[in-house]
Amino acid sequence: MTTSPRSGESPGFFAFAREHTFVTIFGILMPLAVFAVFVGYPILFTIYLSLFEWNGMTPDKTFVGLENYRHMIGDSHFQIALINNFKWLAVTLAFPVLAGLLIAYALRNRILPAAALVRTIIFFPVTMSLISVGLMFLLILNPLFGAFDTVLRSVGLGFLVTEWFGNYKVAIYTLAIVSGWAFTGMPMIFYYAGLGDVPKETFDAARIEGAGHWRMLTKVAIPQLRPVTAVVVMLTLFESLRAFDLVAVMTKGAPFGYTNVLGYIVYLESFWNTRFGYGAAISVAILAVSALMALIILKKLMKGAFDV
Amino acid sequence: MAEVSLTHIEKRYGAHTIIPSLDLTIPDGEFTVLVGPSGCGKSTTLQMIAGLESISAGRLMIGGVDVTHLPPKDRNISMVFQSYALFPHMNVRDNISFGLKTRRVPAAEADQLVAVVSKRLKLENYLDRLPRELSGGQRQRVALGRALVRRPGVFLMDEPLSNLDAKLRVEARSFLSKMHQELGITTVYVTHDQSEAMTMGSRIVVMNGGTIQQAAAPMEVYRRPANRFVAGFIGSPSMNFVDLDVASPAELVDATNGIRVSVPQHRQIELAKSGLRSVTLGLRPEHIRLLAAGDTRPGATSFKIEVCQFLGSETLLDITHGACRVIARVGPEEVVKQGEERIFAFDMDHAHFFDPDTGNNVALDR
Amino acid sequence: MSEMLILAHRRDVFRFTARFLGYTLLAVLLAVWSGPIVLVLITSIKSNQDFLAGPFSIPSHPTFQPYIDVWNSLGFSGLLANSFLYATAGSALAVILALVPAFALSRMEVPGKTFIFGLILTGLMLPQQTVLIPLYDTLRTLHLLDTKIGLIIVHAAYGMPAQILILRGFMTSIPREIEKAAYVEGATDFQVFYKIILPLSLPGVVVGFTLNFIAIWKEFVFGLVLLNSEQNFPVTVGMLKLNSDRYMAVFNLPAAGLVISQIPIIVLFILTYRKIASGNFAGAVKG
């Protein structure tokens, strides 16, 4: 192994390829090829397509330049969907991530008993398809047969009851919270594992200095969990951008498009309205938004968190 | 023939040069020990001989063949690692025969070789066990077995005894020495333990900072260290160093602490030749002699005994005169007490003079 | 003396309150996260009349009829078979594709490693909707639209990045010296990969496969867009039918459908839970 596995120098690519042919073909070229076909090409094609009008069936496409984008910015459905995505992200960052962290902390520090049981029950919904979750909450939040309203009324919170899916102001939050309910197990597992790697001595030292749980959480745990938080936030980010399934099964955008999310209107415009060019433009918008958010996250949280 | 020769070997990591230029020849059949403190480059050198680290510049020959750019498997070598590096999912037999299988040695021959080796290493009853079912000493023997079974031209060992407890280590050392005597395979052995180096090698190579400080037989290195580093590194407890001014080639003085050392006639020449104004005097603990009370020969000085360490076979004394502090080695029958003032003398016949700037041994400077 | 008793008393009260709060919190958490599921279970064995009696009514005559009805009307046997095929084949393919890249990235000085990592992360983070259209078009051109093979390939391709990261995490925990020993003993890259690293990575393979299996089973978008015929639908797409007036009037049928769709996952979960929930896959987090 002259260009040995751990030589500390980065050899030229062709020298490496000659020396390690097997690894180069199956370990580098092959995934790159998959990437090119399934990620690179689609992105490029989407961007290309966004400049055209196309119904997806006939081979000819009409070039319209930036018309799709102009239309998009003025489209009220798009605007609502964009805002909805941010609302969704806010809820998903606040609710499942925080809850996951707090629950993981409470479990590790024995504030909560029955750790294994709690972890199983909270993680279980992560394994459910969002279709199932959606159907389940359609039942629970049903205005006539729903259990949730009954529970609220019986504890005297009846005034809170509203049309969870019909009230256009509330509906998107309903969906986001349902998604958060299902997702909480993920951050919880990551934080639970991360807390297991935080040296116990750091907590002991804090406790001797008289710190209570709140301070230990904020001053000892969270700073040391930075790499975990980076991964969790990234996962959450991209989960929220995929917020398609719940919308498709629960509301399909109703009422009046107030529960539309970007991912869903791509689907609507492309496959229902057969305006693939416009759908592509919206896809590009999603790409831009995710790239932007990813960069911000990378800058803020990833300092040295990812050891490549 | 499996002589190993390194010519102008250089190792760079990006902008860092950790081994500037190494030249070393290991004759066929010799047991050479590379020894030095952490980070001195001994392991890196071994890895370069093995082919696990690339050689930035220079030439490496094994058995007369230029192997500088060849992968490990083509270098006719075997290696034993500090952690033994046994394959955890294979039993002892498969571990030992792994190298034979990858070289497509026919099964019958392979089985025979494995049988011979496992017999010599007393592993015949463990052939079907997994590494995790073995003790540390047994695992080490499996690692040895794997290295031996191919009859390599060169044996490379990277601190193979570090993971053993003290008693096992001593046993293993004599086992390895005996094995080398029987088989006569060229061996390059890396350790940070200077006593291990002294007992095992027919030649020691002391390294520091990526360079060879001295390469010679153990006793030579012990008695005629090339420089201050080697002198201080080899020997335990380490050599005492005292900084003195050269009042004249016949007398060394430490005015501040009131020490006068007279230099015997036959040593004055080298001092005079060096032209040094000040010198570092090196003296091993056994060369600081305890004299009877009232002995007034030239050089006899009074020291205070700060600490006594009674080892049973000898006694080590931490002694001071003013700010000068040295360790002396005395026989077990001497009656000494902490806090006593006793008379000591330096045995100048065995003294070493080191240049305070270069560290080199004045006697070896040309 | 009496001060100490007061202090001790206060401490006991504090401990009792703390424990009480702990258990209250526990009850709340359990209620919130298992309540809906329990409700679904109870609902799924209610007869039509029971359901109309109210959400929390105990079924007077528990019956499995809803299960039978929904099984037949939705064609669950086909749906389950399809989902199982997609999840197993897709996962297996993703893992197989990911093994050598994970090996390379975890143990070798690959030129451009950082760049490759970046690409993998991009593949991971890609919202499906952005590739939906081109993917649809590509599959159509290759005549793979509405085929089982097409969907499997798609799932494998998009599952591969996550598998590379997970497997790499596991592989970095294998000591380097074992690999060095293998090279010295004459092994080629392939032999080191196949005979040494691969066997030692099996726990990682199990974890990765399970996670990917669950992800594909849950998956909806690709199944919806890239398939047309009912015979190819996975469970998720098939269940979409349940959100219609016909089924939602009396919820016991959808409830039963939910339970059926979840059973295979529960079985898998039970079989591999220990490996996942102990956070072993968080090794991918630290890299």
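D94(B) has a relative accessibility of 27% and is therefore classed as partly exposed (20% to 50% relative accessible area; buried is under 20% and exposed over 50%, with a 1.4 Å probe and protein chains only). The model is predicted: local features need pLDDT of at least 70 and side-chain atom pairs pLDDT 80 or more, whereas totals for chains, interfaces and linings use all residues. Residues are numbered from 1 along each chain as its sequence is written, chains are lettered from A and ligands numbered from 1 in the order in which they are written, and side-chain values use heavy atoms, without hydrogens and water.

**Salt bridges**

D94(B) is joined to K101(B) by a salt bridge, defined as a side-chain nitrogen of Lys or Arg within 4 Å of a carboxyl oxygen of Asp or Glu. Over all chains the structure holds 27 salt bridges. Three pairs from chain B are listed below with the relative accessible area of each partner.

| Pair | N to O distance | Acidic partner | Basic partner |
|---|---|---|---|
| D94(B) and K101(B) | 3.4 Å | D94(B), 27% | K101(B), 46% |
| E53(B) and K11(B) | 3.4 Å | E53(B), 10% | K11(B), 0% |
| E220(B) and R224(B) | 3.2 Å | E220(B), 31% | R224(B), 45% |

In the pair of E53(B) and K11(B), E53(B) is buried, and K11(B) is buried as well. The salt bridge between them ties together parts that are 42 residues apart in sequence, because E53(B) lies in the loop between α1 (42–50) and β4 (57–62) of chain B and K11(B) in strand β1 (residues 4–13) of chain B. Helices (H or I, at least four residues) and strands (E, at least two) are DSSP runs, numbered from the N terminus. In chain A, salt bridges link K200(A), D204(A) and R207(A) in a network.

**The interface of chain A and chain C**

At this interface, 101 residues of chain A are in contact with 90 residues of chain C, contact being heavy atoms within 4.5 Å. The buried area is about 8500 Å², and carbon and sulfur atoms give 78% of it; this is the accessible area (1.4 Å probe) that the two parts lose on being put together, summed over both. Helix α2 (residues 21–49) of chain A supplies the largest share of the side of chain A that touches chain C, with 18 residues. That side of chain A divides into 72 nonpolar, 20 polar and nine charged residues, where Ala, Val, Leu, Ile, Met, Phe, Trp, Tyr, Cys and Pro count as nonpolar, Asp, Glu, Lys and Arg as charged, and the others, Gly among them, as polar. Zero salt bridges are found across the interface of chain A and chain C.

**Buried sites**

R146(B) belongs to helix α4 (residues 136–148) of chain B and is buried, at 0% relative accessibility. The side chain of R146(B) reaches the backbone oxygen of Y84(B) at 3.2 Å. Apart from neighbours within four places in sequence, the residues in contact with R146(B) include Y84(B), N95(B), A181(C) and E185(C).

In helix α14 (residues 262–272) of chain A, eight of the eleven residues are buried, among them Y264(A), Y267(A) and E269(A). T274(A), just after α14(A), takes a positive phi of about 45°.

**Cysteines**

The structure holds zero disulfides over all chains, a disulfide being a pair of cysteine sulfur atoms within 2.5 Å. For C324(B), the closest cysteine sulfur is that of C308(B), at 17 Å, which is too far for a bond. C324(B) is buried at 6% relative accessibility, and C40(B) is buried at 1%.

Note on methods:
A polar contact is a pair of N or O atoms within 3.5 Å; within protein, one must be able to donate a hydrogen and the other to accept it, and residues adjacent in sequence count only if both atoms are side-chain atoms.
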